[in-house]
Amino acid sequence: MRWLVTGGAGYIGAHVVTALGESGVESVVVDDLSTGRAARLPLGVPLVRADVRDSTTMRELFRRYRPDGVIHLAARKDVAESTAHPLRYYQDNLDGLRSVLAAVAATGTPSVLFSSSAAVYGTPPRSPVTELDRTAPENAYGRTKLIGEWMLRDAAASAGFGWCALRYFNVAGAGAPHLRDTGGTNLVPRLLQAAARGIPATVYGDDYPTPDGTAVRDYVHVADIADAHVSAALALRHREIHDEILNIGRGEGASVLQMIDAVAAALGHPLPYVTEPRRAGDPAAVVASPARIRELLGWRARHDLDDIVTSAAAQPVPETQAA
Ligand SMILES: NC(=O)c1ccc[n+]([C@@H]2O[C@H](COP(=O)([O-])OP(=O)(O)OC[C@H]3O[C@@H](n4cnc5c(N)ncnc54)[C@H](O)[C@@H]3O)[C@@H](O)[C@H]2O)c1
């Protein structure tokens with residue numbers, strides 16, 4: 001079995017490609033290396049350096065490799081940037097998906113797995129949030145993910161492929177040093193980068209309606225996320241699922257201050273922080289119900305918060321990123 005993985009040189013994508021390989025599934029990676037790194041890929045995995053928005057190239061790649069399916073991870077993912085430059089996000093995230101879906105339809109590719117996000121919920125009506133709860137994204141990034149799910153459903157209804165949108169909650173940790181998250185936007189790498197530079201970490205907002213006033217999220221280990229992709233890809237291929245939207249989270253929340261404590265414990269020293277006002281587009285609390293993915297795919301998170309933080313903290317931290 002062979003899957004095409006867009007964004008496969010990225011943080012999550014490289015974990016997915018590694019997990020596919022460990023399950024005996026071949027990958028071909030398509031990545032423009034805008035934020036990804038070729039060094040993350042296992043030996044022998046082909047990397048095609050291309051922009052997924054280039055429809056002609058994408059169609060040619062699908063014709064050349066004839067994959068059993070595509071896992072589409074390539075996207076921009078910075079919420080703050082999406083608020084400052086919304087049209088960049090609508091263009092890049094949606095045009096990339098449109099181009100992939102056009103190639104899927106043109107070549108009769110049977111399956112599509114799409115990286116969606118908990119950002120589609122905005123501030124959920126209840127916690128934990130299920131896939132049947134209302135969606136109300138609070139930033140342009142989240143809206144591109146929700147529109148992406150609509151695009152998938154419409155394209156699948158017309159072309160007949162099977163699809164699954166995976167709504168990741170907050171992905172963190174690392175399966176191996178070279179696979180770690182080197183971006184400067186997610187909380188755990190931001191905390192580690194602040195510690196490495198000897199400066200205080202920044203907490204955005206301490207007046208949320210949560211137990212300690214800081215925002216609560218559901219942190220899930222990237223290796224667990226990768227396993228969920230393998231299970232979903234196999235289930236799609238064997239027609240055990242056909243059109244699904246699935247949360248991937250642990251079903252437990254942690255606040256920013258709890259994450260600071262966890263990182264401090266992993267590093268063995270306190271982590272000072274400063275508080276700034278809330279960021280636009282940041283909901284108070286977002287925690288997944290993982291009941292449906294457990295029921296359909298038998299998936300459950302194997303790693304707890306300690307595993308997540310310890311695996312991330314064990315990595316050398318890049319010094320050039322802003323905290
Ligand atoms: N990290 C999280 O917590 C999280 C949560 C929810 C959803 N997601 C989604 O998961 C996916 C992967 O995220 P990540 O954290 O690995 O980010 P990442 O930036 O590490 O990975 C994205 C990859 O896509 C590539 N890419 C971007 N635009 C491209 C284009 N136009 N053509 C070809 N390649 C392109 C980048 O080079 C990179 O390798 C994204 O779709 C993101 O929105 C991430």
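**Exercise 1. Work out how many helices and strands the protein chain has, and how compact it is.**

Solution. Start with the count: the protein chain has 10 helices and 14 strands. Here helices (H or I, at least four residues) and strands (E, at least two) are DSSP runs, numbered from the N terminus. Now for compactness. The radius of gyration is 19 Å, close to the 20 Å that the globule rule gives for 323 residues, so the chain is as compact as a globular protein of that length. (That radius is taken over C-alpha atoms, and the globule rule is 2.2 Å times the number of residues to the power 0.38.) The C-alpha trace spans about 55 × 40 × 40 Å along its principal axes.

A word on what you're looking at: this is a predicted model, where local features need pLDDT of at least 70, side-chain atom pairs count only at pLDDT 80 or more, and totals for chains, interfaces and linings use all residues. Residues are numbered from 1 along each chain as its sequence is written.

**Exercise 2. Check the span of helix α7, then decide whether α7 is enclosed or not.**

Solution. Step one: α7 covers residues 222-237, which is 16 residues. Step two: the expected span is 1.5 Å times one less than the number of residues, giving 22 Å for α7. Step three: the end C-alpha atoms of α7 are 23 Å apart, which agrees. Step four: 14 of the 16 residues of α7 are buried, so the helix is largely enclosed by the rest of the structure. A residue is buried if 20 or more other C-beta atoms lie within 10 Å of its own, exposed if 12 or fewer, and partly exposed in between, with C-beta atoms placed from the backbone. Over the protein chain, 50% of the 323 residues count as buried.

**Exercise 3. Find the backbone oddities at Arg66, Arg239 and Pro128.**

Solution. Remember the background: most residues other than glycine have a negative phi, and most peptide bonds are trans. Arg66, in the loop between α2 (55-65) and β4 (69-72), has a positive phi near 45°. Arg66 counts as exposed because it has 11 C-beta neighbours inside 10 Å. Next, Arg239 comes just after α7, in the loop between α7 and β11 (243-248), and its phi is near 60°. With 10 C-beta neighbours inside 10 Å, Arg239 is exposed too. Last, a cis peptide bond with omega of about 5° joins Ser127 and Pro128. Pro128 sits in the loop between β5 and α5 (140-159).

**Exercise 4. Describe how domain 1 meets domain 2.**

Solution. First, get the bounds, which come from an automatic or database domain assignment: domain 1 is 2-171 + 219-248, and domain 2 is 174-217 + 251-289 + 299-313. Their centres, taken over C-alpha atoms, are 24 Å apart. Then look at the contacts (C-beta atoms, placed from the backbone, within 7 Å): 34 residues of domain 1 touch 27 residues of domain 2. On the domain 1 side, α7 gives the most, with 6 residues. That side divides into 16 nonpolar, 13 polar and 5 charged residues. (Ala, Val, Leu, Ile, Met, Phe, Trp, Tyr, Cys and Pro count as nonpolar, Asp, Glu, Lys and Arg as charged, and the others, Gly among them, as polar.)

Note on methods:
Two residues are in contact if their C-beta atoms, placed from the backbone, lie within 7 Å.
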